[in-house]
Amino acid sequence: MKVGNIGTEVIGLRKLLKYNFLYRYVVIITLTISFITRIYVFLLLHSVWDEQTKKKWNNLLYKLARKYRETAERLGGVLIKVGQFLSTRTDFLPDVFIQELTGLVDHVPPMPFENAEKILLEDWGKNMEEHVKYIKKQSVASASIGEVYYGILKGGQEVAIKVRRYRIEEVFHKDFVALRMVFWILKVFTNFGKKADLKALYHELVTVMERELDYGQELEFGQYFTERYGDMEHIHIPHFYEELSTRRILVMEWIQGEKITNTEFFVNNRLNREQISKNLFDFYIDQFLNPGKFHADPHAGNILLRKDGTVAIIDFGMIGEIKKQDTDNFKLLIQGFIIDNYDIVIDALDKMNFLLPHANKKKIKEVIIDAVEMYSAGSLKNLNTQTINQVFDEVSEVVKEQPIQLPADYAYLLRAISIVVGILYAINPEIDIVKWGKDEIKDWFGMKSIVESVTKQYVKNATDPLLSYPRALLNFLESGERDRVWDKEKLHIKMKHQYYLLLEVFSFIMVVAGTFISIYSYTIGEVAIRYTGWMIAAVFLILLNILLLFHRRMIRKQNKKGV
């Protein structure tokens, strides 16, 4: 058999299995266990963390992130959305991983127009010509959830018609089952279960992805922004055709424009960079400071610039929300910093659901105080890059060590802010964001109310104890070297135990997968695939028994030691 034919058959088999529940389940779970196993092996083999070890560690994370991205782009579905979601989670993912996931875009081939046409006919009725005069069969944009086509309505209006991908809801719901298993594995076999509320994180992910599947929800969001910002002269929200939109179809005004970061477009049309960047700033600062919904995916492709200088905002599939209580808590947070009362800061973070119940609030408070003191040691102007990086690294380290978790809306908010700031500087490098934002923040905070609030808090602070006993130091002095060695040995044993469990779970899954492949081969008549499946099942069944044997021996040995 020729190599080309084998490659074609493999690709064909993958396409055939793409919608198969067990195939997707095995791929996702195997990927997860493979990642955890490689990390455990690395940690067991490297006890000294010098510069060389850190370099190897970052290289491993880069390889894992790249593997994830490649698998997500090949398999599609939930993996792409999870990757995009996790790229916002700086609270528990390392930078090198986030950088790779940030490049995870919807690299999916366009679906055949026949699939889109079938959905249009099912949702609009049998005669599509009653609604549209023309639809360009080649899509203008292709993503993991939907396909966008250019069309002209019967009345002559140019429109963008977004159609949900073939069987995508089915794929997502299958992947949700695998995702639940992934979170169980993370909870049982890793430290994520201690430092993150994985149950809440799972529900956040599912809620966000379910919302993106429903174009009726995106329609509501688009109408919300039309109502809220319809009076802004230089900001344009597309008109949505509600009568033609369904859960699987979204019809909106066609926007003729270029990406906001296209510098040549500014020059060719003699547009005012200063004014356009200020218009964009005003649009987003209102969303970021005040209660209400905010555009959570403001990348350059979703912000289009028209020849008259008007900025058009498109794609309202990813939306976050700031509640009134959120703004009140954030003001409380700032108030705590102003009067140097870090109990207020911790209390505000707790109310904002940043801290999980078992977070070490005293440790977090100490790090915040250290960071503030480092800034206060000199004026902001005298801060150098090294000092800023040091503060950032210390805070990031505590965020990763402690049970601190960004709620999804805050994660989206921080991501949106960083993207918008980047776009503003790309448009206008001489921008003075501090000058523009000063009056906005004063109005938002309410200078009179903050003075009254701070005064009251100072009076309250006068009754608070000035000093508290440093319990952390006392505990350290009371716990001798023997206890610390004992804790270290218990940690090592726990890691070995989890390592064995991981390999056992992985081996069992591979036995099931091999058996499934063999059984499935009977339906397609491939003898080679059948024997390969049985061989995989047999090899991993032997490996599973060996692992169980060694695992039992290890447990008996530790029980005799009394560990």
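## Charges over rings

A charge is said to sit over a ring when NZ of Lys or CZ of Arg is within 6 Å of the ring centre and within 35 degrees of the ring normal. With that in hand, take a look at Lys 278: its charged end sits over the ring of Trp 436, 5.8 Å from the centre of that ring. Lys 293 offers another case, with its charged end over the ring of Tyr 224, 5.2 Å from the ring centre. Keep in mind as you read that this is a predicted model.

## The chain as a whole

Let's step back for a moment. The protein chain has 563 residues, and 44% of them count as buried. Its secondary structure comes to 22 helices and 11 strands.

How much of the contact list comes from residues 24 or more positions apart? Among contacts in the protein chain with a separation of 6 or more, such pairs account for 69%.

## Rings that pair up

Aromatic rings turn up together quite a bit here: the count comes to 18 aromatic pairs. One of them joins Phe 183 and Tyr 202, and this pair is edge-to-face because the ring planes sit at 70°, past the cut-off of 60 degrees. The centres of these two rings are 5.7 Å apart. Phe 183 belongs to helix H7 (residues 168–189) and Tyr 202 to helix H9 (residues 198–213), so the pair ties together parts that are 19 residues apart in sequence. Phe 183 is buried, with a relative accessible area of 10%, and Tyr 202 is buried too, at 9%.

Phe 288 and Phe 294 make another edge-to-face pair, with 6.4 Å from centre to centre and 75° between the planes. Are these two rings' residues buried or exposed? Phe 288 is buried at a relative accessible area of 14%, and Phe 294 counts as buried at 0%. Both also belong to a cluster linked by ring pairs, whose members are Tyr 224, Phe 225, Tyr 229, Phe 240, Phe 283, Tyr 284, Phe 288, Phe 294 and Phe 316. You've already met Tyr 224 from that cluster: its ring is the one under the charged end of Lys 293.

## The nonpolar cores

Now for the inside. The largest nonpolar core has 99 residues, and the ones that touch the most other members are Ile 260, Val 311 and Ile 313. Which helix gives this core its largest share? That's helix H2 (residues 21–45), which supplies 11 residues.

Val 311 is a good place to zoom in. Leaving aside residues up to four places away in sequence, Val 311 touches His 234, Ile 235, His 236, Ile 260, Ile 276, Leu 280, Ile 303, Leu 304 and Leu 305. There's also a second, separate core of 18 residues, including Met 111, Val 132, Ile 135 and Leu 244.

## A four-stranded sheet

Strands of a sheet pair through backbone hydrogen bonds, either parallel or antiparallel. Here, an open sheet of four strands runs in the order S5-S10-S9-S7, and its pairing is mixed. Strand S5 (235–236) and strand S7 (258–259) are the edges, each pairing on one side only.

In the middle of that order, strand S9 (residues 303–305) and strand S10 (residues 311–313) pair in the antiparallel sense over three bridges. Leu 304, for example, has Ala 312 in S10 as its bridge partner.

## A helix tucked inside, and Thr 327

Helix H4 (residues 78–86) is largely enclosed by the rest of the structure, because nine of its nine residues are buried. Among them are Lys 81 and Gln 84, along with Val 78, Phe 85 and Leu 86.

Thr 327, in helix H13 (residues 324–338), is buried as well, since its relative accessible area is 6%, under the 20% cut-off. A polar atom of its side chain lies 2.6 Å from the backbone oxygen of Lys 324. Beyond its sequence neighbours up to four places away, Thr 327 touches Leu 289, Asn 290, Pro 291, Ile 322 and Trp 444.

## An exposed lysine

Finally, a residue on the outside. Lys 154 is in the loop between strand S3 (146–153) and strand S4 (158–164). Lys 154 counts as exposed because its relative accessibility is 52%, over the 50% cut-off.

Which residues does Lys 154 touch, not counting those up to four places away in sequence? They are Glu 129, Glu 130, His 131, Val 132 and Lys 133. Lys 154 and Glu 129 are 25 residues apart in sequence, with 8.0 Å from C-alpha to C-alpha.

Definitions and conventions
Residues numbered from 1 in each chain as written. Predicted model: local features only at pLDDT ≥ 70, side-chain atom pairs only at ≥ 80, totals over all residues. Heavy atoms only, no water. Helix = DSSP H or I, 4+ residues; strand = E, 2+ residues; numbered from the N terminus. Buried < 20%, exposed > 50% of the residue type's maximum accessible area, 1.4 Å probe, protein only. Polar contact = N/O pair within 3.5 Å; in protein donor to acceptor, adjacent residues only side chain to side chain. Contact = heavy atoms within 4.5 Å. Phe/Tyr/Trp six-rings, centres within 6.5 Å; stacked < 30°, edge-to-face > 60°. Core = buried A, V, L, I, M, F, W, Y, C linked by side-chain atoms within 4.5 Å. Pairing = 2+ DSSP bridges.
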